[in-house]
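Got your viewer open? Let's take a walk through this model, one selection at a time.

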Amino acid sequence: MMSDASLEQSLKLLREEAGMVCHSASSHVIIVFGASGDLAKKKIYPTLWWLFRDKLLPSNTHFIGYSRSNLTVDNLRSNAMPYLNAKDSESTQLDEFFKRNSYVQGSYDKPEDFIRLNKFIVDNFSACSNRLFYLAIPPSQFISVATNLKAHCTAESDGLWNRLIVEKPFGKDLDSSEVLAKHLSSLFSEDQIYRIDHYLGKEMVQNVVVLRFANRVFSPLWNRDNIANVVVTFKENFGTEGRGGYFDEFGIIRDVMQNHLLQILCLIAMERPISMEANDIRDEKVKVLRCMRPLSLDDVVVGQYVADPENGKPGYLDDPTVPAGSITPTYAVAALYVDNERWQGVPFIVRAGKALNEKKCEVRIQFKDVIADILPSGAVHRNELVLRVQPNEAVYMKLMTKRPGMGFGAEETELDLTYNRRFTDLKLPDAYERLLLDVLVGSQINFVRTDELREAWRVFTPALHALESQRVAPHPYPYGVRNGPPQADEFMRRLGFTFSGQYFYPHGGSGAGPVKHNLFSAATIITSTMEVIVLRANDGRVIESFTGVSADSTIDDLKQLFAQRQPKYYPDRQSFRKEKTARSLPGNSKLGELAGSAKSLSVYFKDLGPQIGWTTVFVAEYTGPLIVYLLFYLRPAIVYGPEAGKAPMHWIVKAAAACWIGHYAKRLLETVFVHRFSHGTMPWRNLFKNCSYYWGFAAFVAYFVNHPLYTAPADSQAIAALVTFVFCQLGNLSCHVALRNLRPPGTRVRKIPRPTANPFTWLFGLVSCPNYTYEFGSWLSFTVATQCLPAGLFTLAGAYQMTVWALGKHRNYRREFASDYPRGRRAIFPFVL
């Protein structure tokens with residue numbers, strides 16, 4: 001916490017800088033139009049109180065609130081109190097401040113109300129008062145208020161001044177802005193009009209001029225030969241929060257980009273002014289704007305935030321004050337180009353958005369890649385000069401330095417000027433405090449001139465009109481994401497902006513985290529990060545982009561990230577592949593290995609559709625044949641007629657039923673207690689396909705085997721076949737248990753299956769899939785035992801499908817284990833196939 005002595009020293013410096021106004025003997029009256037509004041209670045009255053408390057205002061200063069509401073000074077005080085930050089020890093000063101306040105109720109368009117206001121000023125504070133009119137009102141009221149002020153409320157005596165503060169938005173496009181500007185200019189001179197853009201009052205924005213022109217080191221670098229791009233970012237971590245009615249009329253481009261961010265851009269791009277006078281600086285800003293191309297739809301991406309159910313955050317359209325179906329952007333990123341000798345071809349990327357992951361405003365100047373890099377590919381990242389406007393004002397330069405240790409590894413670090421670390425015990429005035437003092441002093445250096453405003457609207461109006469006339473739908477993005485919709489990341493990447501993800505700023509921001517060094521090793525213990533771009537497999541469009549992803553992350557980790565952004569696509573529903581038509585990438589594939597030496601990885605996403613668990617599928621597949629077969633076996637009268645139930649049943653029919661029921665009971669038990677599936681789910685549509693196959697064949701076989709006219713084969717043939725059936729069933733079960741023991745619970749570990757002490761597993765020495773071999777043997781034996789054609793067809797269909805599966809597994813084993821895999825093995829039939 002700042003000590004009282006340090007605070008007083010800071011205020012002494014501020015008073016010296018604003019001495020011209022602090023020691024003025026003239027009377028000053030500040031009239032706040034729109035005194036009942038949000039801006040007045042949250043910003044204007046708190047700023048006036050802070051200036052009064054810190055003795056930065058002339059001693060003879062008074063304040064008048066004016067609005068259409070029926071209020072009192074006590075109402076103004078209670079409305080503003082939550083935002084004044086007044087201490088208990090300041091109660092006496094606060095009382096004195098509000099004694100200097102008055103309130104006048106009146107309309108914005110009736111001359112008699114302004115005549116009454118002027119009489120109130122003259123009667124209470126004399127006619128010899130400087131007058132500052134603060135228009136914190138909707139733009140629709142500017143013309144009528146300005147007209148009545150000029151006609152009835154200005155100070156007319158020599159030596160007195162009248163000044164008009166106009167809050168944004170200054171119109172909605174070039175035409176509406178021109179109408180307003182011409183009207184104001186017809187009433188007031190340019191030196192009386194103060195179009196306030198509070199970002200121009202922020203410490204770091206004002207520091208741009210000093211940083212650029214007081215440091216020779218930047219002069220030879222500040223051009224298209226060295227700078228790859230400039231990114232000006234504005235982010236808010238909240239949405240419209242019930243104020244969507246106002247916001248929806250203007251949108252993020254008019255609200256932030258056309259004014260705040262464009263002003264910062266001009267300070268970055270302008271040439272050296274001939275002096276620090278207001279008009280000299282504003283002349284250079286206008287030159288930048290005149291060199292700027294009008295913005296087209298090709299150079300802008302817009303988005304609108306949607307609900308994040310997981311964190312209980314509503315979407316923009318969920319705000320009851322937002323019109324249904326609104327397409328107003330809450331996020332925008334645009335590429336602006338300054339076509340002059342210094343900046344030709346350099347993209348100035350301005351981006352702003354609501355409902356993002358943090359509150360931040362910064363300028364990031366990214367320099368071009370090192371030429372003829374002697375270090376390994378990917379080891380060196382671009383230098384960046386970063387000016388953080390808010391929060392925690394800072395300037396830092398990202399540089400490459402040698403990593404501690406015996407080798408010559410490179411690592412990103414910073415030259416850092418964090419204000420609260422370098423300038424300790426220093427009070428930085430609020431932006432509104434600076435700007436109100438500037439108005440009282442008469443300095444227009446931090447205010448927007450008419451020709452600046454005209455050129456700014458010239459740049460943005462074409463894109464705004466195109467968005468509205470063509471009803472361009474904004475891309476959706478979930479509440480709380482890093483950078484709006486995925487299309488924004490892809491847009492910036494195409495413009496040449498690169499993100500290494502390996503840098504960690506120690507005093508704020510995000511990155512890979514602190515780096516741990518081993519001084520006696522050329523290696524550094526660091527988890528590098530990368531960018532992952534997800535494209536849709538069917539059309540190649542970018543649908544998501546992730547930055548700062550650990551290179552050690554796997555495809556399974558990526559699925560979790562993707563599901564957080566798009567909950568509809570839970571991990572089991574996702575398939576990622578390197579090419580559109582390639583095979584799905586295994587879940588344990590590391591993203592860094594897939595990217596190689598590249599700093600980013602592009603993968604194609606395919607929706608596998610709604611999924612269902614393998615266990616559920618198998619239970620449904622195997623329960624059906626049990627029920628269907630038992631229906632034919634136990635209730636023949638239902639199927640074949642009443643007489644069928646009285647006919648004697650051959651012992652082979654009974655044995656066949658026992659084999660069938662035993663087989664599917666075994667399968668159900670294996671599903672629950674033995675199998676460990678490498679893939680947890682399968683498409684739900686497969687359930688119907690698989691059940692149709694098993695249930696249909698069960699009915700087909702059962703109908704003939706249990707038919708009253710069924711003719712059994714010789715007993716010797718049936719007995720031999722049934723013994724073989726039992727033998728193969730035991731072999732099949734033994735192989736399943738052996739395969740289960742190769743995979744620890746909860747993993748997808750794959751090992752080479754080998755014979756165990758169980759003799760039934762010795763078939764692993766000859767084939768890769770002896771469980772299928774035994775399965776085929778079981779049904780071949782069942783066919784011979786029953787001498788039934790449908791059973792034979794069932795066996796042939798099963799043999800074909802199991803052969804396909806076995807060949808696939810055999811190829812996978814050989815590819816995965818290469819030379820370690822036994823050479824003599826076949827897929828399913830020993831020595832043959």
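Start by selecting residues 789-807: this stretch is 100% helix and 0% strand, with its end C-alpha atoms 27 Å apart. Helices here are DSSP runs of H or I with at least four residues, strands are runs of E with at least two, and both are numbered from the N terminus. The stretch is one of those covered by the annotation "transmembrane region" in an unreviewed UniProt entry, and the others are 612-634, 692-712, 718-739 and 760-777. UniProt positions follow the numbering used here, feature names are shortened, and annotations may be inferred rather than shown by experiment. Now pick 612-634, which is 91% helix and 9% strand, with its end C-alpha atoms 32 Å apart.

Before moving on, two practical notes. This is a predicted model, so local features need pLDDT of at least 70 and side-chain atom pairs count only at pLDDT 80 or more, while totals for chains, interfaces and linings use all residues. Residues are numbered from 1 along each chain as its sequence is written, and side-chain values use heavy atoms, leaving out hydrogens and water.

**A greasy stop**

Select Leu631, Ile638, Val639, Phe700, Tyr703, Phe704, Leu789, Leu793 and Leu796. Together they form a nonpolar patch on the surface with about 830 Å² of accessible area. Patches are made of residues with over 30% relative accessible area and no salt bridge; like charges are joined within 9 Å, and nonpolar side chains (Val, Leu, Ile, Met, Phe, Trp, Tyr) within 5 Å. The areas come from the Shrake-Rupley method with a 1.4 Å probe, and for residues only the protein chains shown count as cover. Which helices supply at least two residues each? They are α19 (636-640), α21 (685-705) and α24 (789-817). Click on Phe700, which sits in α21. Phe700 is partly exposed at 33% relative accessible area, where buried means under 20%, exposed over 50%, and partly exposed in between (1.4 Å probe, protein chains only).

**Past the end of α24**

Go on to the segment after α24, where you'll find Ala818. Its phi is near 50°, a positive value in a residue other than glycine. Most residues other than glycine have a negative phi. Ala818 is partly exposed, with 48% relative accessibility. Phe831 lies in the segment after α24 too, has a positive phi near 65°, and is exposed at 67%.

**Sheets and a hairpin**

Next, colour the strands. An open sheet of seven has the order β3-β2-β1-β4-β5-β6-β15, with mixed pairing. Its edge strands, β3 (101-105) and β15 (447-448), each pair on one side only. Strands count as paired if DSSP finds at least two bridges between them. Zoom in on β1 (27-33) and β2 (61-67), which run parallel over six bridges. Val29 has His62 in β2 as its bridge partner.

For an antiparallel pair, select β12 (384-390) and β13 (394-402), joined over five bridges. Leu387 is matched there with Val395 in β13. Three residues sit between the strands of this hairpin, and Asn392 takes a positive phi near 55°.

**A bent helix**

How big is the kink in α10 (residues 244-269)? About 90°, centred on Gly251. The bend at a residue is the angle between axes fitted to the seven residues ending there and the seven starting there. Of the 26 residues in α10, 23 are buried.

**Charged partners**

Last stop: salt bridges, of which the whole structure has 31. Each is a side-chain nitrogen of Lys or Arg within 4 Å of a carboxyl oxygen of Asp or Glu. Show Glu236 and Lys354, whose closest N and O atoms are 2.7 Å apart. This pair links distant parts of the chain, 118 residues apart: Glu236 is in the loop between β7 (227-235) and α10, and Lys354 is in the loop between β10 (347-353) and β11 (360-367). Glu236 is buried at 13%, and Lys354 is buried at 8%.

Compare Glu670 and Lys666, with closest N and O atoms 3.1 Å apart. Both lie in helix α20 (651-673), four residues apart, about one turn of the helix. Finish by selecting Lys235, Glu358, Lys360, Glu362, Arg364, Glu384 and Lys398, which are joined into one network by salt bridges that share partners.
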